[in-house]
Amino acid sequence: MVAFFSPLNQSPNRFSTNNTSDTAVTPPIKKLHISTTDATDLTANSKVVTVGDNISNPNVIEPSVMAPGGANLNDIDEDLHSRQLAVYGRETMRRLFASNILISGMQGLGAEIAKNLILAGVKSVTLHDEGVVEMWDLSSSFVFSENDVGKNRALASVQKLQELNNAVVISTLTTNLTKEQLSDSQAVVFTDITLEKALEYNDYCHNHQPPISFIKTEVRGLFGTVFCDFGPEFTVFDVDGEEPHTGIIASISNDNPALVSCVDDERLEFQDGDLVVFSEIQGMTELNDGKPRKIKSARPYSLTLEEDTTNFGTYVKGGIVTQVKQPKVLNFKPLKDALKDPGDFLLSDFSKFDRPPLLHIAFQALDRFICEVGRFPVAGSEEDARKLTSFAANINECLGEGKVEDINPKLLRHFAFGARAVLNPMAAMFGGIVGQEVVKACSGKFHPLFQFFYFDSVESLPAEPLEPSDFKPLNSRYDAQISVFGSKLQKKLEDANVFIVGSGALGCEFLKNVALMGVSCGSQGKLTITDDDVIEKSNLSRQFLFRDWNIGQAKSTVAASAAASINPQLKIKALQNRVGPETESVFNDDFWENLTVLINALDNVNARLYVDQRCLYFQKPLLESGTLGAKCNTQMVIPHLTENYGASRDPPEKQAPMCTVHSFPHNIDHCLTWARSEFEGLLEKTPAEVNAYLSNPSEYATSMRNAGDAQAKDNLERILECLEREKCETFQDCVTWARLRFEDYFDNRVKQLTFTFPEDAATSTGAPFWSAPKRFPRPLQFSAADPSHLNFIMAASILRAETFGIPIPDWVKNPKLMAEAVEKVMVPDFQPKEGVKIEIDEKATSISTVSTDDAAVISDLLFKLERCRNNLPPGLRMKPIQFEKDDDTNYHMDLIAGLANMRARNYSIPEVDKLKAKFIAGRIIPAIATSTAMATGLVCLELYKVLDGGHKVEDYRNTFANLALPLFSMAEPVQPKVIKHRDMSWTVWDRWILRGNPTLRELIQWLKDKGLNAYSISYGSCLLFNSMFPRHRERLDKKVVDVAREIAKAELPPYRSHLDVVVACEDDDDNDIDIPQISIYYG
């Protein structure tokens, strides 16, 4: 049977870091020092003893499982692992820290799996391999160099793998593996063993107490497989890793079954059969008992419960409904049973619906071939291919009713030819998949692969048939790759001119892949990589080319150097330029025109869109990918064959209305968005405005008068407040400021809000004002005995002192002394005022109050400011503080978490810890090494097709994958929209060229000859000609380039000999026709 997952939208989701405004609400999304044995101390038979206690039972994971050495929560280095923590959470990370893994087979696939697990931070990894490094291995494994040829593979792997994470104990086994040597491991992975041995090891693991999770995986040329057996009863604690779905209740019927309606600001994500719990309901309080209840029918904004509420109290208001995630127990079959009865195969490509059963037979046939012949089939040997096909046919005949109808000798021939080769892209892809399965085995987080997965990418083979001589080894590091693709494609790879944009997590993986593949390693080859960022500690858990001693250095330079050490033949140039309009003198026309292909490794949509437009313009292939936690996607943008990246766009992230964030929050995201906005206003923007004023008072005053709006008035009020009423000269002043801020934020403002809108207030229609999703707030009374109150004061006063350059005393962290300082502050009584305007319009974009006399108020404020400035010490400047989320010692997140949680307390919203606050307020994109590795492997399988140059659109694949489920959905890319006119047709990829420095009239006539009537011609945002304006006719006999210089003030750089215009046209029947951009050559 094949488990079918229908392909998602053929233009897969894009994952990226989007810069959002202050009011945007984004969805929520180790210091483990163990002594390690240096690689040089390892002998051929050594087994390093790991430290710490083993988990007694990895399949029934108790919440009390500790990290090695009895470590506790604080042993997670949140600076290093923040992006991974955002995916897994603390509990899963602690389970990983306590897990011992054995990997057998250290060719390319074994190295990739080990890399991903070591980056994830497991307790120990044991590497097993009895073989030695061959030249053949160098095209698939990043841990080997030519100097390692002849050394044991496991021993040769240790040094480079250990550099990835010194907190992981790495040991080796280099002799025959006994079953008893598996007993200390929570999971074992085999990448290169016979079926006979696999059955023996699996039987031991399956029956061991507790069971040992067993994974068998292989990549053979362009074919790969994974088999998982996590024991007779394996508990999955979180099947998908998603946050529990919630809804805000609007009403509940007294009925059987009960109908629960929710507010319609967001669609509900519940499904039929989900279990949910209720809280905060007023009236029908029987539902607040915490008992899970089953959803009978889920709709976009309501749900029906399997519950009779006829005799319950009448619903009044309020309430939250929350999904209860249920554990799931899986009964894995051992390999001996699964081979005969494999059950459902996990499908990745709907166009290959019948492929998994055939590959199930093919891999068994290959095992039989190796056992009987004593070697792998030889690439190009028709006799070996026939023999393997014969083995497959015999196995198929023994299957009886379960046999496949067509064993596809052509496919088995490809399988036989490439069977000995481990290709780097396949190793990267399967290294990501298997690495994630090991994490699942050790933690119970995410749904395991159950149980077989088969994959092939035969479309990556050259479009033209290959001769047996093409596969002949050249005694080079690329011989394994040549045995699959032939020497001609290898030459194309080596001579390619490639541009990789970005050298973060994706960029590091791409550099490793292309270096091993030999891309841009020939005499004509060139690889350019650019990234304007520097290395930070948080990068080290997945951007594997970087080490802790590289922190602060340029990413592209370090990554390029690391890639060149993987393959010294790589012709690479590293730049630190951002790719955009401002760097078109660096990435000029010649640069783009000479490129063979571009690979995006970017983290934001705007940069992707710019590169996409450049690729359209210069008709260059673009290989696009992105990740978000356990999810990844790839998109192929191929000239004239596929649509471009920008042709389909994800909907923009929903932003909370300004009034919700500032006055009516109903979830912690709103509180954190407000907190970050306040942080930046108080500590960055206001000090910056103060400095702008003090640097040039007269110029600043002039600009404020000219602006004359509410924003200018607000700026001046904040400056005056900062330099006069709230000016700090001592640390005690800073404590006073912080204490009064607490009172203002969490007491006074709430009192004013509830005075203006009392609890029984009604809207203009008579409905209750405080109805869902609004939550009625309560003021907070400050208490020095409350640690959260005192921590807020500490963080706020320290940062306030920093902006004024005031020394921070040692006693600040002493709660008793801080409380004494707070007690000295005189807090004035607050009386709510009549007539205070509080914005309640959800469409409002600003909370500033606009008045008709802003100009008069601004003049008065400037007069007061000037008087205040005369009393200031000369040379006074403030220090603006830019928010930095990844430094846990700077108190930034302490203040933001404090602001958000106190506000949440006002509104009875559940609070969050500092780490969760960092994820949301810092807009941290969840990221793990496994999904990154898989995405880049998939892209590089497409790179073979691009560089070969002869493939059709149906040969390419876009992919969406979610390793948590797991789900793999591959589909043919969408073709570009074709526009037809008369006997012509064109797509977004076409650009028309007109040479000879034409006039406007000549351009119009040129189009007229094509049956197109031009009525508007523009350059950039400037209109050069429009037939509606009589004066524009005077321009008709001027050169287009001269009109652009004169009217649009075009500054045409000397390296460019053309300009591009957009022309609006109609046909003879007055129908608008979208025509391509036109390039006017004047040079």
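**View 1. The whole chain and its radius of gyration.** With 1083 residues, this predicted chain has a radius of gyration of 33 Å, which agrees with the value near 31 Å for a compact globule. Here the radius is taken over C-alpha atoms, and the globule rule is 2.2 Å times the number of residues to the power 0.38. Laid along its principal axes, the C-alpha trace spans about 95 × 85 × 65 Å. The secondary structure adds up to 28 helices and 33 strands, read as DSSP runs numbered from the N terminus (helices: H or I, at least four residues; strands: E, at least two).

A note on the model: it is predicted, so local features need pLDDT of at least 70 and side-chain atom pairs count only at pLDDT 80 or more, while totals for chains, interfaces and linings use all residues. Residues are numbered from 1 along each chain as its sequence is written, and side-chain values use heavy atoms, with hydrogens and water left out.

**View 2. Surface and charges of the chain.** Of the 1083 residues, 57% count as buried (under 20% relative accessible area; exposed is over 50%, partly exposed in between; 1.4 Å probe, protein chains only). The chain exposes about 44,900 Å², with carbon and sulfur atoms supplying 49% of that; the areas come from the Shrake-Rupley method with a 1.4 Å probe. As for charges, the mean positions of the 113 positive and 146 negative ones sit 2 Å apart. Lys and Arg count as positive, Asp and Glu as negative, and His and the chain ends are skipped; each charge is placed at NZ of Lys, CZ of Arg, CG of Asp or CD of Glu.

**View 3. Cys-659 and Cys-671, no bond between them.** A disulfide here is a pair of cysteine sulfur atoms within 2.5 Å, and the count comes to 0. For Cys-659, the closest cysteine sulfur is in Cys-671, 14 Å away, so it's too far for a bond. Both cysteines are buried: Cys-659 has a relative accessible area of 4%, and Cys-671 comes in at 0%.

**View 4. Ala-385 in helix α7.** Ala-385 lies in helix α7, which covers residues 382-397. The residue is buried, with 4% relative accessible area. Pro-409 is 24 residues from Ala-385 in sequence, yet their C-alpha atoms are 8.5 Å apart in space.

**View 5. Residues 956-1078.** An unreviewed UniProt entry annotates this stretch as "domain: Ubiquitin-activating enzyme E1 C-terminal"; such annotations, given in the numbering used here with shortened feature names, may be inferred rather than shown by experiment. Over residues 956-1078 the chain is 14% helix and 37% strand, and the end C-alpha atoms are 30 Å apart.
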